[in-house]
Amino acid sequence: MANFESLFVIVNTGFTETVMTAAREAGANGGTIIHGRGVGSSQAQKKYGIAITPEKEIVIILVKKAIVDKVMNAIYKVAGIGTPASGIIFSLPAERVIGLKYDKEEEQN
């Protein structure tokens with residue numbers, strides 16, 4: 001079983017600091033930002049009741065599985081679909097992770 005999960009947070013451009021502040025306060029360390037362009041239709045805008053802003057940023061955050069719900073909830077409160085960030089969040093298991101520096105003592109707890 002994987003000890004880590006990858007969080008993918010897709011927000012309107014300009015809200016990555018909001019995402020990372022909430023994530024850090026919930027126990028995450030850092031993240032990677034990817035710039036992108038969303039594609040949406042007017043039907044999606046009508047169906048979900050949100051404005052589709054084409055410029056997006058994707059924040060990828062690797063977190064320990066034990067705190068993934070806490071981090072996701074913290075981010076969603078400040079950058080979720082009902083906020084100006086219009087963010088969505090999903091997670092995927094990170095089966096193999098190499099290159100992270102973390103406290104071995106913390107891992108044993």
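1. Let's begin with the secondary structure. In this predicted model, the chain has four helices and four strands. Read from the N terminus, these elements follow the order β-α-β-α-β-α-β-α.

2. A few totals help with the overall picture. The chain has 109 residues, and 30% of them count as buried. Its exposed area comes to about 7300 Å², with carbon and sulfur atoms supplying 53% of that area. As for contacts between residues at least 6 apart in sequence, 75% of them join residues at least 24 apart.

3. Helix α3 is a good place to look next. It covers residues 68-79. Its 12 residues should span 16 Å at 1.5 Å a residue, and this agrees with the model because the end C-alpha atoms of α3 are 16 Å apart.

4. Now for the buried side of that helix. The buried residues of α3 are V68, V71, M72, I75 and A79. They lie on the same side of α3, because the arc they cover around the axis is only 95 degrees. The spacing fits a simple rule: an α-helix has 3.6 residues a turn, so residues three or four places apart point the same way.

5. What do the buried residues of α3 pack against? Their partners are two strands from elsewhere in the chain, β1 (4-12) and β3 (55-64), together with helix α1 (16-25) and strand β4. On the face of α3 turned away from this buried side, you will find the exposed residues D69, K70 and K77.

6. Just past α3, have a look at I81. This residue sits in the loop that runs between α3 and β4 (88-94). Is I81 buried or partly exposed? Its relative accessibility is 31%, and it therefore counts as partly exposed, the class between under 20% for buried and over 50% for exposed.

7. I81 also belongs to a surface feature. Together with Y76 and I88, I81 makes a nonpolar surface patch of about 250 Å².

8. Last, follow the chain beyond β4 to L100. This leucine is in the loop between β4 and α4 (104-108). L100 has a relative accessible area of 40%, so it is partly exposed. Which residues does L100 touch, leaving out those up to four places away in sequence? They are F4 and L62. L62 is 38 residues from L100 along the chain, and the C-alpha atoms of the two are separated by 9.6 Å.

Conventions. Residues are numbered from 1 along each chain as its sequence is written. This is a predicted model: local features need pLDDT of at least 70, side-chain atom pairs count only at pLDDT 80 or more; totals for chains, interfaces and linings use all residues. Side-chain values use heavy atoms; hydrogens and water are left out. Patches are made of residues with over 30% relative accessible area and no salt bridge: like charges are joined within 9 Å, nonpolar side chains (Val, Leu, Ile, Met, Phe, Trp, Tyr) within 5 Å. Accessible areas come from the Shrake-Rupley method with a 1.4 Å probe; for residues, only the protein chains shown count as cover. A salt bridge is a side-chain nitrogen of Lys or Arg within 4 Å of a carboxyl oxygen of Asp or Glu. Buried means under 20% relative accessible area, exposed over 50%, partly exposed in between (1.4 Å probe, protein chains only). The expected span of a helix is 1.5 Å times one less than its number of residues. The arc is that of the directions from the helix axis to the C-beta atoms. Contact means heavy atoms within 4.5 Å.
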